[in-house]
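User: I'd like to go through this model and ask, for each label, what earns it. Could you set the values against the definitions as we go?

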Amino acid sequence: MEIKYYVLPFLKRVVLGVVIFGSWAINTVAAQNGRMVIGFNDNWEFKKGPGDFGKDTSYLNQDWEKIVVPHTYNRTDMQLDKNFYAGDAFYKKKFLVKNELKGKRIFLRFEGVGSVATIYINGRYLTEHKGSYAAFSFEITNSVRYGEENQILVKTNNEARKDVIPVNHFLFPIYGGIYRPVSMIVTSPVNITVTDYASPGIYVTQKNVSAKNADIHVKAKLENKEMKAQPVMLQTIVKDAAGKTVVQVRKNVLLNPQGATYVEQVFQVSRPHLWNGIRDPYLYSLTTSLIRDGQELDAVTQPLGIRRVELRAGDGVYLNGVKYPMYGVTRHQDRWQYGNALSHEQHEEDMKIIREMGATTIRLAHYQQAEDMYALADTMGLLIWAEIPFVNTTSLGETENARQQMTELVRQNRNHPSIYLWGLHNEVYSKTEDEHVPVLTRELNDIAKTDDPDRYTVAVSGYGEMDRPANLAADVQGMNRYYGWYEGRISDLEKWASGLETQYPGYKVMLSEYGADGNMDQASERLPDPSKINPVNGQFYPENYQTETHIRQWAIIEKHPYILASYLWNTFEFAVPLWNRGGVNARNLKGLVSFDRKRKKDAFYWYKANWNPEPMIYLANRRDSLRTQATTSVQAFSNLAQVHLFVNGKEVKGIHGVNQRHWIFENIALKKGNNKIEATGVSNGKILKDAMTWILQ
């Protein structure tokens, strides 16, 4: 079996082919009995269930396909149209548990299965998990045969259900399958818990953070499966990025064989090197170990980014006391021809594209995303809004599952310094505060605040009104505003922002979504009248309308610090199997990067010019190259002090548009046939250029 690194990329350590966490903490501690985390992704077999065959049970005799996890059985059909497969699919795997593991505890941990997983070990039902987006773990110690071959069978089902959020496929597809990695975890009988909602079992809280000191609280949930109470030492070591120990604390604990034991350690880090977002995403490592008679029994390592985040109403977001630029994007996790079964390299590519744009914060919508994403955000310095998929509508039957997914999200991810905000819901409503959605939202807020009292929470409305009953239970009010697309004119964003500033000056408000669809293969020489665009079932969504929406609306947003953060929708195009809009079936075209990540739209470069300080210059409307108007205008996006434009070798004077990054060159005379258009500028003595060709027909 392959080795999988369990916690974070920057904490990878392999000892004798086994991942051992914390074994290097002090020289006198032996590593032989430490935790093992072993990849469980190879040699699976797969086949779809009876949904493909009606009442015919011949599917039971169908050949099994050999696959490797991550895997989804919807990587193609859900990206083409509404006729996708939703139903049962089966995964099975044979595995050997060696005799040497007798006396150990053995667990399996699935990072994500869409959407309901039912687990059988050696033909016997063991457990079930509802929800596609969170990890889940369970013990198999007493269900396997040692020294023999065992078999696991996982029945998955991705049908929409009233009792599992999201309750439909309308806004995004619920892909089916074991689409994230699986691990086998082996521990001592005395261990840090593995099955507390698949969390790390240690929970880190920061208090009184400053450049002088930071108070760190570590709460560990411990278990003892031996027959007698066990005296152990709980040790926590903090190391800096160079691997040097900066803090070491120990506490003697007697672990009862009944129930679980919770132990807290509190210590101070003096003169901490603060985690400072994209400016300096400095990470310590924190390792909590259980030691008995000088031997390490178990250990878990987590990232420690010491920081303080404050949201100041009407002003902005402050990181470590300094105002932080909140250049926000959103991200769905699927990709053309891969579905949501993505590799680490694909997650990393997405993050690099986001950073190229200059973003500093991401709303990971509308569900808990891969652990890779939170770990990458830690190391890259991006502030993360993490949320659950209570989205779009309510069935009135999702209460228990929403509570479960909120608990999973917080417990599994609360140690990540990048996360600053927990999302409770998106665009679900009730008419009064006494009805289902507001009541459930208050319960979700209580879950988040009980497990993690120092982080902010947010609920999102699709309306522009502050007093919607479902949305004032959280610390922050998020509003999705698609002016110029689903309602009104592009410029109406200004009136909305100014109105809220006047009526609700003490409220914390974020623009949680904005934008418009744009098809890169459709062009309009003149900006379309918004009244002529049908955003629900229209087929003509020219890219330049999307570009204009982002140009004007970012210029409004940057003038209103009342909007604490804004999140454009969306970084990447994504699948929506129930839609047929904009000339591309089953696609949401609001992304600024194509579904396959190969092409970037003009609006991507608009934000790059505004957010990324790296010198750049970009000519817009390059794909709209066939022209009919002999007199026209050109616009360029650049963060250079001066931009010069040449049309067929002749310079044309330009002016600033909506801000200093926007250049407009008007009354340009085109000649019949090809017209070479070139923009130039200078940065630190280096000439930057961009060029395109327009053809006057």
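Analyst: Sure. Let's start with Glu45, which stands opposite Lys66 in strand 5. A word on the ground rules: this is a predicted model, so local features need pLDDT of at least 70, side-chain atom pairs count only at pLDDT 80 or more, and totals for chains, interfaces and linings use all residues. Residues are numbered from 1 along each chain as its sequence is written, and side-chain values use heavy atoms, with hydrogens and water left out.

User: What makes strand 4 and strand 5 a pair?

Analyst: Two strands pair if DSSP finds at least two bridges between them. Strand 4 (residues 44-48) and strand 5 (residues 65-67) have 3 bridges, in the antiparallel sense, so they pass the rule. Strand 4 also pairs with strand 6 (residues 88-97), again antiparallel, over 5 bridges; there, the bridge partner of Lys48 is Ala89.

User: And why is 65-67 called a strand at all?

Analyst: Strands are DSSP runs of E with at least two residues, helices are runs of H or I with at least four, and both are numbered from the N terminus. Residues 65-67 make up strand 5, so the run meets the strand minimum.

User: What makes strand 9 and strand 10 a hairpin?

Analyst: They have 2 residues between them, and Asn122 in the turn has a positive phi of about 50°. The pairing itself is antiparallel over 6 bridges, between residues 116-121 and 124-130, with Tyr120 opposite Tyr125.

User: Which strands form the open sheet, and what makes the edge strands edges?

Analyst: The order is 3-14-7-11, with antiparallel pairing. Strand 3 (36-39) and strand 11 (136-139) are the edges, as each pairs on one side only. Neighbouring strands here are turned by 25° against each other on average, direction ignored; axes are lines fitted to C-alpha atoms (for helices over the stretch in contact), and angles run from 0 to 180 degrees between N-to-C directions. Within the sheet, strand 7 (residues 105-110) and strand 14 (residues 182-187) share 6 bridges, and Arg105 has Thr187 as its bridge partner.

User: Why is Leu409 called buried?

Analyst: Buried means under 20% relative accessible area, exposed over 50%, and partly exposed in between (1.4 Å probe, protein chains only). Leu409 comes out at 0%, so buried is the right word. This residue of helix 3 (residues 399-413) touches, among others further than four places away in sequence, Tyr374, Ile388 and Trp422; contact means heavy atoms within 4.5 Å.

User: How do you know that Ser418 gets that label too, being in a loop?

Analyst: By the value: Ser418 has a relative accessible area of 0%, so it counts as buried. Its loop runs between helix 3 and strand 31 (419-426), and its contacts beyond four places in sequence include Trp275, Asp378 and Leu382.

User: What about His550: buried or exposed?

Analyst: Buried, because its relative accessibility is 0%. His550 sits in helix 6 (residues 543-557), and among the residues it touches more than four places away in sequence are Tyr514, Leu568 and Trp606.
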